[in-house]
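Fire up the viewer and switch to a cartoon view. We'll hop from stop to stop, picking a selection each time and looking at what is there.

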Amino acid sequence: MEHNDENIVAIILAGGAGTRFWPLSTEARPKQFLNLFDDRSLLQKSFDRIAGLIPPHQILILTNVASVSIVREQLPQIAPENIIGEPMRRDTAAAVALGALLCRKRYGNPVIVTLTADHMIDPVDLFQRTLLSAARFARTSGALYTFGIQPSYPATGYGYLELGQRLADDNGVEHFQLLRFKEKPDLETACRYVASKGFYWNSGMFVWTAEAIHHELERHLPKHLRSLSRACDFDGAPQWPEALRAGFASLEAISIDFAVMEKARDVRCAVSNFFWTDVGGWLGLRDFLPSDADGNFYRGQIATMNAAENLVFCEVPEEQVVLLGVKDLIVVRAGRKTLVVHKDHLEDIKSLLRERKDLK
């Protein structure tokens, strides 16, 4: 879909640590830079989804300062000044505030589309139509928009959006008033949300004008704006890296959902039926990997006997893994490291990496 709207700027958030994909994902090469499915990384796929809509000079990548070089390597189309290295992790509110300030300074009052670098979305044309619909309505209404994903099962790993009145149907893209954000629920609550048909998954993607988000940040997160405004005075100057460090140092780590979206005066939701997943961990790969008759999902060469419902991932597809008499295991081969973990203990990977600093 070709579309050149000089009033749309995209910000791709690419600063996540991605520890759930260890040992393939490491501090030096987080999840968003991995080729999990083909020869394009998740970051490159995120760029590809908007490349026909928004010119490269109006795409900003916000990442960790240590990852700037790999972003430049993977996205040579993006000018170096549009790849911003955050000096420390301060969650999504800091990234959104910095992006809004840079957009106001560089582009005036564009519609800002804030996307993530580590999601999978299909089909792309339906996603693009939804994005453009939200952009048009955000421009005319001044509302803050998020994308709601129709739940396909009662997920406990996603936050939810409670929808209110339907406001419009824009050629199949429905627009709703958003009543409230809901934190990740337990299974019973998630089942109730899905059965009600009034709750959608929170995709973590947003659309708003620079002025609209700036106004809400002034109301709800003024310290972020003050600190980062001082830093942005040095955008493009030699003092920029040090000014950015000083601006981030005093900021509270807080999400944009909790800091602003839950309190903003007019929040709306664009709903469409494209497939979406945040590929949150190894089990999330089951949607994309082949499987055998016993429910063993795999990348690589596997041989099994009395083995069922396992997942095997080999960084080198020619490697072979043999499974005998085991069930519900995750087996990962990456470089010189091997992970073997029961699927019920995947969340313990984070704890292990915190305790064992030698596991990089």
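In which sense do β12 and strand β14 pair, and over how many bridges? Select residues 311–314 for β14 along with β12: the two run parallel, joined over three bridges. Strands here are DSSP runs of E, at least two residues long, helices are runs of H or I of at least four residues, and both are numbered from the N terminus. Two strands count as paired if DSSP finds at least two bridges between them. Zoom in on Arg299, whose bridge partner in β14 is Phe313.

A word on ground rules: this is a predicted model, where local features need pLDDT of at least 70 and side-chain atom pairs count only at pLDDT 80 or more, while totals for chains, interfaces and linings use all residues. Residues are numbered from 1 along each chain as its sequence is written, and side-chain values use heavy atoms, with hydrogens and water left out.

Now widen the selection to the whole sheet. It is open, has four strands in the order β12-β14-β16-β17, and its pairing is mixed. β12 (297–299) and β17 (337–342) are the edge strands, each pairing on one side only.

Next, pick β15, residues 320–324, and show side chains. Val321 and Leu323 point to one face and are buried, whereas Gln320, Val322 and Leu324 point to the other and are not. Buried means under 20% relative accessible area, exposed means over 50%, and partly exposed is in between (1.4 Å probe, protein chains only). That is the textbook pattern: in a regular strand the side chains alternate between the two faces of the sheet. Add β13 (residues 301–305), which runs parallel to β15 and is joined to it by five bridges. Thr304 is the residue opposite Leu323.

Slide on to Asp328, in the loop between β15 and β16 (329–334). Its phi is positive, near 65°, although Asp328 is not a glycine. Asp328 counts as buried because its relative accessibility is 14%. For a contrast, select Lys197, in the loop between α5 (187–196) and β9 (199–209). Lys197 also has a positive phi near 65°, but this residue is exposed, with a relative accessible area of 68%.

Time for helices. Select α7 (residues 222–232) and α8 (residues 240–249), which pack at about 175° with axes 8 Å apart. Axes are lines fitted to C-alpha atoms, for helices over the stretch in contact, and angles run from 0 to 180 degrees between N-to-C directions. So α7 is roughly antiparallel to α8, a label for angles over 145 degrees. Ser227, Leu228, Ala231 and Cys232 of α7 meet Trp240, Ala243, Leu244, Gly247 and Phe248 of α8; contact means heavy atoms within 4.5 Å.

Jump to α4, residues 124–141. Its 18 residues should span 26 Å at 1.5 Å a residue, and the end C-alpha atoms are indeed 26 Å apart; the expected span is 1.5 Å times one less than the number of residues. Among its buried residues are Leu126, Phe127 and Leu131. Just before α4, Pro123 sits in the loop that follows β5 (120–122), and the Asp122–Pro123 peptide bond is cis, with omega about -5°. After the helix comes Gly142, with a positive phi near 75°.

Last stop: Thr146, in β6 (residues 144–149). Thr146 is buried at 1% relative accessibility, and its contacts beyond four places in sequence include Leu161, Asn202, Phe206 and Arg268.

Conventions
Angles under 35 degrees count as roughly parallel, over 145 as roughly antiparallel, 65 to 115 as roughly perpendicular and the rest as oblique.
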